[in-house]
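Colleague: Could you take one part of this model and go through it closely? I would like the strand pairing first, then the spaces that the protein encloses or leaves open.

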Amino acid sequence: MGTGCFLLTNVGVRPIMSNSGLISTVAFKLAGGPTFFGLEGSVGCAGQALDLLNVGLGMAREEVVDLQEEEDGCGGVVIVPAYGGLLCPRWRPDAGGVILGLGLHTRPRHLVRATMEGVGHMLREVWDCMNTDLVRSDIDIPEQLFVSGGLASSDNICQVVATMLDIKLVRPTMLETTALGVAMVSGHTSGVWTLTGMASTVDTFLPSLNTMARLRKIDQWEQAVQASLAWGEQKEASKERTISLESSLPGTVWLFSTAAIVLLSMAAQQG
């Protein structure tokens, strides 16, 4: 988790084609071994969404209500951080970011928490689609998820993601997993060490909402996403109307120019 979020799972030595809007990709291949494949889903705005609040609007990231202490830490606010559109699984680049549920009681911490939950919901949609594809392919659903990246250093973000996905989240001490993985595989391939037994200490995060509270949040999220998609459709319709108007201008200009010439000719003849 960083600027964006990418959720991947190992599906074995045979690739599977997603029916849910995910991407089939190569996972890894060790020297002398088979190629393993994976399913991948991406979220465009994660850390960027918080940067918008922090840098763009001047809010402090520390203004976050602990989900353990207050069930509705968003104060009724729902944010769809589709600032670059919605990626997996909806694939709607025209979708717009929306904020719903503002009131006189709304405070900056509510917007921060709602943004974090929005990121969690987008990951949840990817996770749900991934589970659907795994079940269809007779592959066991993972019982826990490992998280990495700069955004994963936030306990609040990890807690929100664990709650939205309703799964145990595991965070290793070393968050730069990509660089660590390259180093581990390079050492393994060159015979410096083996990959077995290379465990690291971890933190774990468990879901903190009951089923009914989580389902209420999902229902609110779905309503907010529909507003996001409707806004995108409205923008596209406005763009088409503008293009239609601009395309009609040359003919309009020719018509008025011709009329003006005729009128000037008639005036000259009468004079």
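Which residue in S3 is the bridge partner of cysteine 5?

Modeller: Valine 43 in S3 is the bridge partner of cysteine 5. Keep in mind that this is a predicted model. That bridge is a good way into S3, so named for residues 35-43.

Start with the pairing to S1. S1 and S3 run antiparallel, and seven bridges join them. S3 also pairs with S2. That pairing is antiparallel too, with six bridges. Two points fix the register here. Threonine 25 stands opposite glycine 38 in S3. Valine 26 stands opposite phenylalanine 37 in S3.

Now the turn. S2 and S3 make a hairpin, and five residues lie between the two strands. Glycine 32 sits in that turn, with a positive phi of about 80°. As for cover, S3 is mostly shielded: seven of its nine residues are buried.

Next, the aromatic side chains. A search of the whole structure turns up one aromatic pair. Its members are phenylalanine 28 and phenylalanine 36. Their ring centres are 4.7 Å apart, and the planes make an angle of 10°. Stacking needs planes under 30 degrees apart, so this pair counts as stacked. How covered are the two rings' residues? Phenylalanine 28 has a relative accessible area of 36%, so it is partly exposed. Phenylalanine 36 has 24%. Buried means under 20%, so phenylalanine 36 is also classed as partly exposed.

S3 also leads to an enclosed space. S3 and H2 each give at least two residues to the lining of the second largest cavity. That cavity has a volume of about 50 Å³. Its lining consists of Ser42, Val43, Leu86, Leu87, Cys88, Pro89, Arg90, Met122 and Glu125. Val43 is the residue we began with, the partner of cysteine 5. By class, this lining has six nonpolar residues, one polar and two charged.

How does that fit with the rest of the enclosed space? The search of the whole structure finds two cavities of 30 Å³ or more. The largest has a volume of about 90 Å³. It is lined by 13 residues. Cys74, Val77, Val78, Glu117 and His121 lie nearest its centre. Strand S4 (78-80), H2 and helix H5 (211-270) are the elements that give two or more residues to this lining. H2 gives the most, four residues. The lining of the largest cavity has six nonpolar, four polar and three charged residues. H2 thus recurs: it supplies residues to the largest cavity and to the second largest cavity.

Then the open space. The largest pocket has a volume of about 1600 Å³. Its lining takes in 45 residues. Nearest its centre lie Leu8, Phe146, Ser148, Thr177 and Thr178. Many elements contribute. Strands S1 (5-12), S2 (23-29), S6 (144-146) and S7 (168-172) each supply at least two lining residues. So do helices H2 (108-136), H3 (155-165) and H4 (177-189). H4 has the largest share, with seven residues. By class, the lining divides into 30 nonpolar, 13 polar and two charged residues.

S1 and S2, the two partners of S3 in the pairing above, are among the elements of that pocket lining. S6 and S7 are among them as well. These last two belong to an open sheet of three strands, in the order S6-S7-S8, with mixed pairing. S6 and strand S8 (202-205) are the edge strands, each pairing on one side only. From one strand to the next, the twist averages 25°. S6 and S7 pair in the parallel sense, over three bridges. One contact gives the register: leucine 169 in S7 is the bridge partner of leucine 145.

To pull the thread together: S3 pairs antiparallel with S1 and with S2. S3 helps line the second largest cavity. S1 and S2 help line the largest pocket, together with S6 and S7.

Technical notes
Residues are numbered from 1 along each chain as its sequence is written. This is a predicted model: local features need pLDDT of at least 70, side-chain atom pairs count only at pLDDT 80 or more; totals for chains, interfaces and linings use all residues. Side-chain values use heavy atoms; hydrogens and water are left out. Rings of Phe, Tyr and Trp (its six-membered ring) pair if their centres lie within 6.5 Å; planes under 30 degrees apart count as stacked, over 60 as edge-to-face and the rest as tilted. Buried means under 20% relative accessible area, exposed over 50%, partly exposed in between (1.4 Å probe, protein chains only). On a 1 Å grid over the protein atoms alone, a cavity is a set of points where a 1.4 Å probe fits but cannot get out, and a pocket is an open set with protein on both sides within 12 Å along at least five of seven lines; lining residues have an atom within 4 Å of a point. Grid points are joined across faces, edges and corners, and a volume is the space filled by probe spheres set on the points. Ala, Val, Leu, Ile, Met, Phe, Trp, Tyr, Cys and Pro count as nonpolar, Asp, Glu, Lys and Arg as charged, and the others, Gly among them, as polar. Two strands pair if DSSP finds at least two bridges between them. Axes are lines fitted to C-alpha atoms, for helices over the stretch in contact, and angles run from 0 to 180 degrees between N-to-C directions.
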